[in-house]
Amino acid sequence: AYEATEKCKQDRKISVSFSRFREEQFICVQNPVAERPLIEAGQMKVDHTSKSEKENHGLGIRNIMDAVARVGGMVQRRIEGGEEQEYVFTEIQLPIHPDNVKK
């Protein structure tokens with residue numbers, strides 16, 4: 001989100017919100033993009049990049065996906081916006097298990 005927002009000429013704001021409903025924790029991240037990422041079936045294609053160093057691209061996204069999968073959560077992404085600015089919405093849903101909550 002940070003790198004994508006850096007490339008934008010306007011509206012360089014990342015929005016992060018946290019909420020809880022029943023036994024689920026939700027994390028929503030909204031960020032503008034200058035270049036439309038490739039998203040298929042709600043998942044960002046990490047092997048699709050315009051960066052020159054393609055080998056080390058997408059490590060942060062992979063780390064998030066792995067961490068969420070380890071606790072039985074889900075990640076969904078979508079693109080919204082119009083002609084002037086597009087935004088990526090990342091929604092993370094995490095189950096709250098007593099064993100995973102640190103006291």
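Reader: Which residue does arginine 78 meet in a salt bridge at 2.6 Å, N to O, within strand β6?
Author: This is a predicted model, where local features need pLDDT (the predictor's confidence in each residue, from 0 to 100) of at least 70, side-chain atom pairs count only at pLDDT 80 or more, and totals for chains, interfaces and linings use all residues. Residues are numbered from 1 along each chain as its sequence is written, and side-chain values use heavy atoms, without hydrogens and water. A salt bridge puts a side-chain nitrogen of Lys or Arg within 4 Å of a carboxyl oxygen of Asp or Glu. Arginine 78 lies in strand β5 (residues 74-81) and its partner is 13 residues apart, in strand β6; the partner is glutamate 91.

Reader: Which residues are linked in a network of salt bridges?
Author: Arginine 78 bridges to glutamate 91. Arginine 78 also bridges to glutamate 80, with the closest N and O atoms 2.6 Å apart. The network is Arg78, Glu80 and Glu91.

Reader: Over which ring does the charged end of arginine 78 sit?
Author: The rule asks for NZ of Lys or CZ of Arg within 6 Å of the ring centre and within 35 degrees of the ring normal. Arginine 78 sits 4.6 Å from the centre, and the ring is that of phenylalanine 89.

Reader: Which residue forms a salt bridge with glutamate 86?
Author: Glutamate 86 lies in strand β6 (residues 86-95) and its partner in the loop between β2 (24-33) and β3 (39-40), so the pair ties together parts 50 residues apart in sequence. The closest N and O atoms are 2.6 Å apart, and the partner is arginine 36.

Note on methods: Helices (H or I, at least four residues) and strands (E, at least two) are DSSP runs, numbered from the N terminus.
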